[in-house]
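Me: I should like to learn how to read the features of a protein model. May we take them one at a time, beginning with the pairing of strands?

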Amino acid sequence: MTTTQDDDLNIVRNRTFDQIAIGDSASITRTLSMDDIALFAVMSGDDNPQHLDAEFAAASRYQGVIAHGMWGAALISAVLGTRLPGAGTVYTGQTLRFLQPVRVGDTLAISVTVTALEPRSRHVTLACRCVNQHGAVVLDGEAQVIAPAEQIERQRATLPEVRLHNGDGTRRLLEHARTLGPIKVAVIHPCDELSLSGALDAHAAGLITPVLVAPRARLEAVALEAGLSLAGIAIEDVEHSHAAAARGAELAGKGEVEALMKGSLHTDELMSAVLSASAGLRTKRRISHCFLMQTPAYPRPFIITDAAINIAPNLAMKADIVRNAIDLAHVIGVARPRVAILAAVETVNADMPATLDAAALCKMADRGQITGAILDGPLAFDNAVSIAAATVKGIVSEVAGRADILLVPDLESGNMLAKQLEYMGDADSAGIVLGAKIPVILTSRADSRASRIASCAIAVMLANHYRSTPP
């Protein structure tokens, strides 16, 4: 008996009928990921929520997301087509028994073993088995194929890289925000092409009615150079960026606008005006920033906080940062968000303050001091977003691998995480400041048009929420 393993990565070699004997076998190993499930759903059109909707699946008999049954069958086909008999094999029949569910993170050994040969027709019968990491058979059956008559040996093809990112979350966010109607927004010192065009784009999208607070002459010069029209747009003429921030905060404090939007001035300059006593925009809650992100590598939108306002928050600050993020999650439709409190490790360590804060925040949630969400931590990033990683570490948690909110230890780590996801993980992002009486759209000059518009859409939803439930 001969056995081929998953060790020949460069050359495809088949075995002709004459080279095959009863008892020969071949195998491959695969670990199920959420991408596998999503790709199979896209390919097959099978969008059964048992496979794609974590909340629906949690209430099912399997108590969680499972793979499509035919995913295992596809792996059997891969062994037959690439290992035994290999290239040139023609499928003629297959029986299957589905014995146990396959969950995200499960590792399957998929094997086929020759049980019968028919020389005149070159028919080969093979027993097929898929065994998980616990030694349990999850799928078995029998395959009938026609083995190739000629030897084939060639360079293995390079499979295309497929990345799942349909932007559905962003699309639905914009569609919902438009139904609420535009809100009046003071755009603070939009004196470069990017910030001015961002405000005008959001206006054209039906999200905001902008009031441009800036030196009129500079605005008109920027608009002329960029070919942008200011026709019909209200302008509050002020001397400089500092005056623009103060006037915008004043308009918000008087209720003349429902949100502020950052233009081409420093964040500190704008937020100082928002926090000033004269503006009257402060609440009992500490102000903090949230990134709402969606990336191809994760099945749902998620929030990262705080990556722009609070540099090194203490426990009390983090409690408010979490509360703000929970409020945002509720507004965008996540009724009971899962909050992962991030640290470098998943155990409490007296030498690592982030882990102590995580444990304290969880206890605060247990005592009702933080409500409306499920908190867990400390969790390392991989355990927060990967069920497989959490399983390997033996972490049993409602949050691990399913986080809706990632609370970072400090601004530096949060900012780096968000920008890495955006620039290297193809993530869409939107930024908003919460904790004041009005939302503050805090975009970067490097942000894309889509990011600016998405940030405005969140502000629309928050402003509408604040009308009935003031912060």
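Reply: Gladly. Two strands count as paired if at least two bridges join them. In this predicted model, strand S4 (residues 90-98) and strand S7 (residues 137-146) are joined by 8 bridges in the antiparallel sense. Within that pairing, Tyr-91 has Val-145 of S7 as its bridge partner.

Me: Which strand, S4 aside, pairs with S7, and in what sense?

Reply: Strand S6 (residues 123-131) pairs with S7, in the antiparallel sense and over 9 bridges. Here Cys-128 has Gly-141 in S7 as its bridge partner. S6 and S7 form a hairpin, with 5 residues between the two strands. Gly-135, in the turn, has a positive phi of about 85 degrees.

Me: What does the UniProt record say about residues 27-117?

Reply: The unreviewed UniProt entry annotates residues 27-117 as "domain: MaoC-like". Such an annotation may be inferred rather than shown by experiment. In the model, the chain over residues 27-117 is 37% helix and 27% strand. The end C-alpha atoms of that range are 19 Å apart.

Me: How should burial be read: is Thr-295 buried or exposed?

Reply: A residue is called buried when its relative accessible area is under 20%. Thr-295 has a relative accessible area of 6%, so Thr-295 is buried. Thr-295 lies in the loop between strand S13 (288-294) and strand S14 (302-305).

Me: What does the side chain of Thr-295 reach?

Reply: The side chain of Thr-295 reaches the backbone oxygen of Gly-425, at 3.0 Å. As for Ala-388, that residue is 93 residues from Thr-295 in sequence, and the two C-alpha atoms are 18 Å apart in space.

Me: How many aromatic pairs are counted?

Reply: Rings pair if their centres lie within 6.5 Å, and planes over 60 degrees apart make the pair edge-to-face. The count by this rule is 1 aromatic pair. The rings of Tyr-298 and Phe-302 have centres 5.5 Å apart and planes at 85 degrees, and the pair is therefore edge-to-face. Tyr-298 is buried at a relative accessible area of 9%, and Phe-302 is buried at 5%.

Me: What can be said of the chain as a whole, beginning with its helices and strands?

Reply: The chain has 15 helices and 19 strands. Its C-alpha trace spans about 90 × 55 × 35 Å along the principal axes. Of the 471 residues in the chain, 48% are buried. The chain exposes about 22,100 Å², and carbon and sulfur atoms supply 53% of that area.

Key: Residues numbered from 1 in each chain as written. Predicted model: local features only at pLDDT ≥ 70, side-chain atom pairs only at ≥ 80, totals over all residues. Heavy atoms only, no water. Helix = DSSP H or I, 4+ residues; strand = E, 2+ residues; numbered from the N terminus. Buried < 20%, exposed > 50% of the residue type's maximum accessible area, 1.4 Å probe, protein only. Polar contact = N/O pair within 3.5 Å; in protein donor to acceptor, adjacent residues only side chain to side chain. Phe/Tyr/Trp six-rings, centres within 6.5 Å; stacked < 30°, edge-to-face > 60°. Areas by Shrake-Rupley, 256 points an atom, 1.4 Å probe, with all protein chains shown as cover.
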